[in-house]
Amino acid sequence: MIPLDKVLNMLEQLNQLKLPDEIPSSFIELGEEGADHATLAAQIYSVIAEGQLHDQSTWAAHMTASVSPQSLFGQILSSLHNGNLLSPELYPVLAAIEQQIISWLCQLFDQQYGHFTAGSSYGNLEALWQAKQNNPHSRIIYASNAAHYSVNKACQLLDLDLRTIPCNSESQINIEGLRSACQAATPMAIVATAGTPAAGAFDPLDDCILLAQKYQAWCHIDAAWGGSLRLLPEYDQLFGQNLAKADSLCFDPHKGWAQPKPSSILLYQRPMSPMMSIDVDYLQQRPADSLSGSRGGEAFLPLWFTIASLGVVALRKQSRFPLVQAQHFAEQLSNRTAWPIYTSPSGIVCFEAPKDLTDLVKIGILSQAKVENKAVYRAVFISNLVRSEELVSHLEPYF
């Protein structure tokens, strides 16, 4: 029998704990005996209070969303199950749900295969690992200088030669610069970014894909941030007409779709190349040719339950709301200041300010970044709880 009674009993015990008036400054000492209830309550309170930062109407500092009740239930469901899909024959229901959500994402992104990862940093690494298997005769990787830092890390781990291409004024890879680089030295792979981490810009994906095809190079799309827009028909032009010709794509539902971490997917057009000869004498089935080892439903059950219980229409609505707030915020800044503003289609608004706004950075209202080598403040609209008018009201004293 599923131990829901144990979970409910634990929640009831926590609910009866008297919370302190203020957050404790010290941590529980881990010893032979458990902490008393008062000390434990204080520590629980400090963890919960810190996490509530993401539930504020002014939270726009980073790509960390407030988790929905449906996603939270999916996370609990994963913990209650706690099976290991290294032995899928023992967990046919969990394995079927995993394949169902992978198939749905493959259809959405015009890919054929996929598996969940612990984040797109792993997705970028695995994609370039596959690219290296596909073309061992070149080590050159091209990506924009606005690409995520994990591309650089992956190249270092795989002993690849990353060559960055400058961006244009829209924070996109300069396609002419990329074309010239390919003519000078044939790449092993081109990494295009759909939603740069600083500015939220989309590289011209069609151009990158077709260039990769011309030089028989792998094309990987890092859509960790911007992939959520694929669900919205009005943003189809950002993904172009050739997404099915990309070799691989990674996306983080724990960003744009407000899922708990880790929730990330790597999708690809053909089965992964075998990495090595693997003989495991304690498993009934050969392990997958991916980096992940033991795994359960933690990466996909929250997303599965969100869609199963609310439907895609609700997820689409959830994805649109922050984009509307970002547009309103940019309009307010434009109407009320002369500050240089950098907008994006993906819900990130950057701007230069003549005054020091680090007090707002310290409390999670804004973050700091660089766009076109200029220091900017950044507002990331990711949560359905964030309200543009609340951010504007905090900025008013600086106008």
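Which residues touch the most other members of the largest nonpolar core? In this predicted model, they are Leu105, Tyr142, Leu178 and Ile221, out of a core of 53 residues. Helix α4 (residues 92-108) supplies the largest share of this core, with 7 residues. A second core, separate from that one, has 20 residues, among them Ala60, Val349, Leu357 and Leu395. Such grouping fits a general habit: nonpolar side chains tend to be buried together in soluble globular proteins.

Leu105 makes a handy way into the main core. Setting aside residues up to four places away in sequence, Leu105 touches Phe116, Trp257, Ile265, Leu267 and Leu303. Leu105 is also one of the buried residues of α4, a list that runs Leu94, Ile97, Glu98, Ile101, Ile102, Leu105, Cys106 and Leu108. Glu98, then, sits among the buried residues of this helix. The packing partners of these buried residues are α3, β1 (113-117), β7 and α11. As for the helix itself, its 17 residues should span 24 Å at 1.5 Å a residue, and the end C-alpha atoms are indeed 24 Å apart, so the two values agree. After α4 comes Asp110, with a positive phi near 55 degrees.

How do α4 and α11 sit against each other, and at roughly what angle do their axes cross? The axes come within 10 Å and cross at roughly 70 degrees. The two helices are therefore roughly perpendicular to each other. On the α4 side, the contact is made by Leu94, Ile97, Gln100, Ile101, Trp104 and Leu105. Leu301, Leu303, Trp304 and Ile307 make it from the α11 side.

Helix α11 (301-310) turns up again over α3, where it is part of what covers the buried residues. Those buried residues include Ser71, Gly74 and Ser78. Viewed down the axis of α3, the buried residues fall within an arc of 55 degrees, so they line one face of the helix. This is easy to square with helix geometry: an α-helix has 3.6 residues a turn, so residues three or four places apart point the same way. The face turned away from the buried side of α3 carries Pro69 and Ser79, both exposed. With 13 residues (69-81), α3 reaches 18 Å from its first C-alpha to its last, close to the 18 Å expected at 1.5 Å a residue. Just after α3, Asn82 takes a positive phi of about 60 degrees.

Helix α2 (residues 37-51) tells a similar story on length. Its 15 residues reach 21 Å from the first C-alpha to the last, close to the 21 Å expected at 1.5 Å a residue. Buried residues in α2 include Ala41, Ala42, Gln43 and Ser46.

Another helix pair is formed by α7 (residues 175-184) and α8 (residues 205-214), whose axes come within 11 Å and cross at roughly 5 degrees. That angle makes α7 roughly parallel to α8. Where they meet, α7 offers Ile175, Leu178 and Arg179, and α8 offers Asp207, Cys208 and Leu211. Leu178 has already come up as one of the residues that touch the most other members of the largest core.

Ala154 belongs to helix α6 (residues 149-157). With a relative accessible area of 1%, against a cut-off of under 20%, Ala154 counts as buried. Leaving aside neighbours within four places in sequence, Ala154 is in contact with Asn124, Leu125 and Leu128. The C-alpha atoms of Ala154 and Tyr377 are separated by 28 Å, and the two residues are 223 residues apart along the chain.

A few backbone details in the loops round things off. Most residues other than glycine have a negative phi, and most peptide bonds are trans. Gln216 has a positive phi, near 55 degrees, and lies in the loop between α8 and β5 (218-222). Its relative accessibility of 70% means that Gln216 counts as exposed. Asn373 likewise has a positive phi, near 65 degrees, in the loop between β10 (367-371) and β11 (374-380). Asn373 is exposed too, with a relative accessible area of 76%. Finally, the peptide bond from Lys261 to Pro262 is cis, with omega near -5 degrees. Pro262 lies in the loop between α10 (253-256) and β7 (264-268).

Notes
Residues numbered from 1 in each chain as written. Predicted model: local features only at pLDDT ≥ 70, side-chain atom pairs only at ≥ 80, totals over all residues. Heavy atoms only, no water. Core = buried A, V, L, I, M, F, W, Y, C linked by side-chain atoms within 4.5 Å. Buried < 20%, exposed > 50% of the residue type's maximum accessible area, 1.4 Å probe, protein only. Helix = DSSP H or I, 4+ residues; strand = E, 2+ residues; numbered from the N terminus. Contact = heavy atoms within 4.5 Å. Expected span 1.5 Å × (residues − 1). Arc of directions from axis to C-beta. Axes fitted to C-alpha atoms, helices over the stretch in contact; angles between N-to-C directions. Parallel < 35°, antiparallel > 145°, perpendicular 65-115°, else oblique.
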